[in-house]
Amino acid sequence: MDIMEKVAYLKGLMDGLDLDMDSKEGKVFGAMLDVLDEMAMAVSDLQDSQDEMEELVDIIDEDLGQIEEIVYDDEDDDECCCDDDEYYEVVCPTCGDTICLDEEMVAAGEIECPNCHEELEFDFDECGCDDCGCGCDSEEDK
């Protein structure tokens, strides 16, 4: 039973008591019943507004989820930020995150993975040997 039904029930009880509405007590009961009726309508209106607001928030949440997928899923693409020749691509062995390093970062010899915060150490060798993966045929390092 909701609040509107309860107020209607109280009205029915008052009608059943056959009170004299012109007496002092009747006037007080009548005024109280009017206040209860107005309060019940206000609460009912608030509940309706709240229900409508919840529906709108759910719709906005779904839309935001779709936008997050569009924005954040681009980071997972196989495209690398290292399209420029001045950057080097490194994959963190702990979390698998791809990190792009510039020459200054490579010269430092270590970096903290921005994803898992693992300390990564590396040695960049521009010697041209097969071991570094550049594919050159330098005889010095063979």
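What share of the contacts in the chain with a separation of 6 or more comes from residues 24 or more positions apart? The figure is 16%. Keep in mind that this is a predicted model, so every number below is computed from that prediction.

## Overall layout

Let's start with the parts list. The chain has three helices and four strands. Reading from the N terminus, the elements go α-α-β-β-α-β-β.

As for burial, the chain has 142 residues, and 14% of them are buried. The chain exposes about 11600 Å², with carbon and sulfur atoms supplying 49% of that area.

## The salt bridge

How many salt bridges does the chain have? The count comes to one. Its partners are lysine 11 and aspartate 37, and the closest N and O atoms sit 3.5 Å apart. That pair counts because the cut-off is 4 Å between a side-chain nitrogen of Lys or Arg and a carboxyl oxygen of Asp or Glu. In general, side chains of opposite charge can pair when their charged atoms come close.

In sequence terms, the two partners are 26 residues apart, and the pair links distant parts of the chain. Lysine 11 belongs to helix H1, which covers residues 3-17, while aspartate 37 belongs to helix H2, which covers residues 24-73.

Is lysine 11 buried or exposed? Neither label fits: lysine 11 has a relative accessible area of 32%, so it is partly exposed, given that buried means under 20% and exposed means over 50%.

## A nonpolar patch on H1 and H2

The two helices that hold the salt bridge partners turn up again in a nonpolar patch on the surface. The patch is formed by Met1, Tyr9, Leu10, Leu13, Val35, Leu36 and Met39. Together these residues have about 700 Å² of accessible area. H1 and H2 are the elements that give two or more residues to the patch.

Leucine 13 is one of the patch residues, and it lies in helix H1. Its relative accessible area is 40%, so leucine 13 is partly exposed. That value also clears the patch cut-off, because patch residues need over 30% relative accessible area.

## The S1-S2 hairpin

Now for some strands. S1 spans residues 87-91 and S2 spans residues 98-102. The two pair in the antiparallel sense, over five bridges. Which residue in S2 is the bridge partner of tyrosine 88? That would be leucine 101.

S1 and S2 form a hairpin, and six residues lie between the strands. In the turn, glycine 96 has a positive phi of about 80°.

Technical notes:
Residues are numbered from 1 along each chain as its sequence is written. This is a predicted model: local features need pLDDT of at least 70, side-chain atom pairs count only at pLDDT 80 or more; totals for chains, interfaces and linings use all residues. Side-chain values use heavy atoms; hydrogens and water are left out. Buried means under 20% relative accessible area, exposed over 50%, partly exposed in between (1.4 Å probe, protein chains only). Contact means heavy atoms within 4.5 Å. Accessible areas come from the Shrake-Rupley method with a 1.4 Å probe; for residues, only the protein chains shown count as cover. Patches are made of residues with over 30% relative accessible area and no salt bridge: like charges are joined within 9 Å, nonpolar side chains (Val, Leu, Ile, Met, Phe, Trp, Tyr) within 5 Å. Two strands pair if DSSP finds at least two bridges between them.
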